[in-house]
Amino acid sequence: VTPAGTTVAADVDPRAAVETLAAWRTPFLIGVRHHSPVLATAVPILLDLLAPDLLLVEMPAELQPWLPWLGADGLEAPVALAAVRADGSGLLFYPYADFSPELAAVRWAVRHGVPVEAFDLPVSRATHDSTEQRTRLAPETPAPLSEALGKQLGTAGGGDLWDRLVEVRAAGARAEEVRRAALAVGWALRLETATWGQVPAGDLQREVWMRARVAAASERGVERPAAVIGAFHAPALLSTEVGAASPQQQTWPSGGRRASARREKPVEIVTSLIPYAFELLDSRTGYPAGIHDPEWQQAVWHGGCTPEAAIRAAQASIVRICRALREHGHPAGVPDARESSRLAVTLASLRGLSAPGRGELVEALQTCLAQGEPHGRGRAVAAAMQQVLVGRRRGQLATGTPRSGLVPHIEGLFSALRFPGPRDAAGVEMRLDPLRSELDRRRYVTIQRLDVCGVPYADALSLDVDQLTSRWWLRWTPSTSAMLELAGLRGVTLAQAAEGALRLRRAEAERDQRVTARWLLAQIEAAAECGAVELAQAELQALTREFRQQATLVELIDAVELVDRLGRGHVPAFDPSIELREQLTDSTLPSLIGAALNQVEGLVGSQRTEDAQALLALVQRLQRGDAGARVLGDSRLRWALERLEREGSPLMQGAGGAVRVLLGHLAPEALGERLGSWVDVGVERGSQSALAGRLRGVLLMAAPLLEAAPAVTRRLFARIEALDDPAFLARLPALREAFDVLSPAARQRFLDGTREDERLVLEYPPVLLARWAAGDRAGWEAAAGLDTEALSWGSEP
Amino acid sequence: VTSEPQANSARASRPQLLPSETVHAEELRFLAAWDSGARPPGWLLTPRAVVAFIVGSGDEAVEVGPRALTISPKFVGDRSLIERCVVTLAGERGLLLVGEPGTAKSMLSELLAAAISGTSALTVQGTAGTSEEHLRYGWNYALLIARGPHPEALVPSPILVAMESGQIARVEEVTRCLPEVQDALISILSERRLSIPELSGEGGLAYAQAGFNVIATANLRDRGVSEMSAALKRRFNFELVEPIGDFELERRLVERQAAAALARSGATLTVDESVLTALVTAFRDLRVGRTAEGWAVEKPGTVMSTAEAVGVATSLGIQAAYFEDSEDALTLLPGYLLGVVRKDDPRDQARLLGYWDAAVKRRADAGMKLWARLWELRGRIEG
């Protein structure tokens, strides 16, 4: 006997167990997954047959007032119900589409005048749970049973298991068969969790509450109750045990103290019913309680879940995907569509299914259209699939539904932050110091979130150099109201709306293939600034994957700086966990620095000063920590830099040499010697431009080095001074060009650094010196032109 | 003197490797009897039986009447991949297997051909020297000159043979052929016939019989599929064959194959399990550029395939078997790893050193004995 009071032993006969579940009448059990086209189709039929006198749905009790509006005739799915604590924490979010069994059940009940009760544990009493916990099929536990089943069915994972056993097999089946299949999967997952894992305390708490509600209903005289409940929880309702007395008196494993504290002060819960969108319902956007490819699910539901309809839906989707591919300039014609749909249908029959499911559809498209290119064409196919299978459907509330959601939430939030609201005509200037004051931190994060939602409200007046404090101009305008209405589609709190906006940004960028390295950096920064920690964490993963290959050296260095800032906790809204911090410093940072070092090798031929500057930034970064050396070994960098100095373009030769001195790989004297020799070889035009490039490289890297290490400059100047005037003049343009890379101030500092050398001070006017030099040269040439025979007498008097 | 005839007879017939249809003849016969369902025209087995032949029957035996046989797994990987391959071959497009070198693409194509047609011998190896003749037909010039164009003088390519007999033809490394030569496959795959203009009358057109199809393989390293013409690409369904995802599966595969290779050379595998674990771990870390612990390491440019790992394990085994006084396998491992890595790019040696300095050292520091020993051997890869 598990803590839930349900008997699950390894030697239970599955058939008998499912039979008991199916025959149960207090209540009649419809085990569902939160989204499921076949069950959404089956639910009204089952309810028609049973004609219950009370419908119980698995939603927290606080959502009860919304149920008539949810089932109202004018409502168009997708919509979402939400419940959140007044302070914005503990958000529970239930999106519904036409293919959600709960929505189908509520609609049926409202249409038939049957009372509906939201019989799940109230949010205010829940000690620990989340949307994810409340809407998933089963908790994540070691899953040997699912794995074994999955292996047999050629798939893996719980979601897939449901698809394989319920969704795909149900095509054309009777409603009662569908109900039994769903109950069986729920029972198996329950058994698995209870045997190899542990049913989470939050789930047990909710089940006790639900049993109590069922008992209360029969006490009231309800005769034929029906419950639409997660298939995983259905076996828990078999027990009549409701705990010692009522849920309030129970002590919960980890939440007892908090629960008793809460009894003293009731928690205020804000609920809302808002229109929703398919882009957000797609689970890949990471929004809670979504499902893959909602438009596909909609098509399957719309066809009434018959095999013929499923095949038609697959064919229609394939044709649309081929069209979308063509629009993006990739060939995909009728033969491709024909082969994809043949493959999908045949694959289904090979697997013993009456119609292709989403899995077969995706596999067929990958095989027939992607042509083995995961990146080029494969990406285009994925984008086309997303466009067609996700869809852009938007929901609408029935007329007369009370206003709720983001706008009321914002008004409350603004008054708490003392921000000007819609009734304040004048703007306000505010100076924020988010790292010191908690209120300022909340204000700063709110501003960042509004910005991400595209709501015009705050203008930055100035950011301090250290980015610690900032000044803002805040003002509520009519366009603020307008944009908030739009943002309300993405959530009921500002945090959720901002996160939604960011997730949509990703989806759109992926669809249009705009996910560049620069874009990713901006996205991570925005997510961190908004406090969307999970999202930022997910995006950070990409840094060690595609990003490493795509980014230029400059972008890599920017990424290093950003990761460093995040890891140190310098972004106000982003408080990384210890694990994340460790991951950032131990894995992400070294990986990025490693990639940057790789690119050092690619700089060999570069002529661009930005690249040299990026190299400098990288080296400075390395001097600050040993992360890079840990990945690659010191020898690796030596290797790259030596090669740069030996084989690089002139600019890179100079830069490489200077960097080696900075890192202590090369003695300053040696670089000085080399600089001098570069001056010497600058005899003809080609080598002079090389001289200019090399010197530029050195100067770019090492203006501070040259000031600090006289050994380098001394040798350079020694060589320059040894030149005679024509040789010097020949090299002068190259030297000038080289020193051009320094700012005037840097040049002056450089000059100051060499002033100690007295000979640079002219004792005579330059014009006079030039004349003397010209005279000397003329004399020299005249002497050289003389007949040596004629000169010989001079030595023999 | 007495041992000589024996040696001779041994020399006479000891093929190093037998084709799949011979090695697994019993399983194939068994599976043909097992599933009596509908077969695509020209196929020896049902699609379901072909899948079972390749992925194996798991722990359960397949039963036909009183007899039972456990089908051995022959390809380690995704079952749905095999299902897609089989379904593709029953249709009108060819199957193109792409992937990194050493992901068992050729083996998969051999198994598919053996199961569907009973032979894997109708194979063309694509090289830069492959000409249209190898894909279409050639002539026996002596006969051609003696008797003129005549069906007997025709030398059919393996593909033409497969067409006329309704079997599966294989083209290995199709992308190594010049694109113009590859395109000879277009008309074969789309029209399913081959015209032989030199022969007049009925002999001038060869029709593909039911059961014919083409499996081609291409590796993503050398030239990839980018130079393949769009027209030819459209005649193929593509399947990307990935390296083995699961560590334990890969380790067992390496052990099994190395043992089999050693058995062929008359020795037994004596390499320690922990050495194999280290070997496979290093290969996997370097292949994906990330260690099992999640630390970043640098990927070398060389392919770190399972096949290469088998090669190293086999070499270690041979060295242990024939050189009794050689050092232990773990001591030899760094040298062999270096040999695998330093193939295309001399910088890969530095990358391997980097792996040692990063991952091996950290594991050694964490007190893992095996890795501590490997860390001590760092000098062996510096050379």
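How many residues does the contact take from chain B and from chain A? I looked this up before anything else. The contact (heavy atoms within 4.5 Å) takes 35 residues from chain B and 33 residues from chain A.

**Ground rules.** I'm working on a predicted model, where local features need pLDDT of at least 70 and side-chain atom pairs count only at pLDDT 80 or more, while totals for chains, interfaces and linings use all residues. Residues are numbered from 1 along each chain as its sequence is written, chains are lettered from A and ligands numbered from 1 in the order in which they are written, and side-chain values use heavy atoms, leaving out hydrogens and water.

**Interface.** I noted about 3100 Å² of area buried between chain B and chain A; that is accessible area, with a 1.4 Å probe, that two parts lose on being put together, summed over both. Carbon and sulfur atoms give 51% of it. On the chain B side, B:Val87, B:Arg93 and B:Glu298 lose the most area to chain A, together 18% of what that side buries.

**Chain B overall.** I found 18 helices and 11 strands here. Both are DSSP runs numbered from the N terminus: helices are H or I with at least four residues, strands are E with at least two. The C-alpha trace spans about 80 × 55 × 55 Å along its principal axes. Of the 383 residues in chain B, 50% count as buried, meaning under 20% relative accessible area (exposed is over 50%, partly exposed in between; 1.4 Å probe, protein chains only).

**Aromatics.** I got 10 aromatic pairs over all chains. Rings of Phe, Tyr and Trp (its six-membered ring) pair if their centres lie within 6.5 Å; planes under 30 degrees apart are stacked, over 60 edge-to-face, and the rest tilted. A:Phe419 and A:Tyr457 make a tilted pair, 6.0 Å centre to centre with 35° between the planes. A:Phe419 sits in the loop between α17 and β8 of chain A and A:Tyr457 in the loop between α18 and β9, so the pair ties together parts 38 residues apart in sequence. A:Phe419 is buried at 5% relative accessible area, and A:Tyr457 is buried too, at 4%. Together with A:Phe414 and A:Trp476, they form one aromatic cluster.

In chain B, I checked B:Tyr355 and B:Trp356: their ring centres are 6.2 Å apart and their planes at 75°, so this pair is edge-to-face. Both residues are buried.

**Charges over rings.** The test is NZ of Lys or CZ of Arg within 6 Å of the ring centre and within 35 degrees of the ring normal. A:Arg190 lies over the face of A:Phe232, 4.7 Å from the ring centre. B:Arg363 does so over B:Trp371, at 4.4 Å.

**Sheet in chain A.** Which order do the strands of the open sheet have? I read β8-β10-β9, with antiparallel pairing; strands pair if DSSP finds at least two bridges between them. β8 and β9 are the edge strands, each pairing on one side only. 5 bridges join β8(A) to β10(A), and A:Glu429 stands opposite A:Trp473 in β10(A).

**β1 of chain A.** Is this strand mostly covered or uncovered? It is mostly covered, with 5 of its 5 residues buried. A:Phe28, A:Ile30 and A:Val32 are on one side, A:Leu29 and A:Gly31 on the other. β1(A) pairs with β6(A) in the parallel sense over 5 bridges, and A:Gly31 stands opposite A:Ile229.
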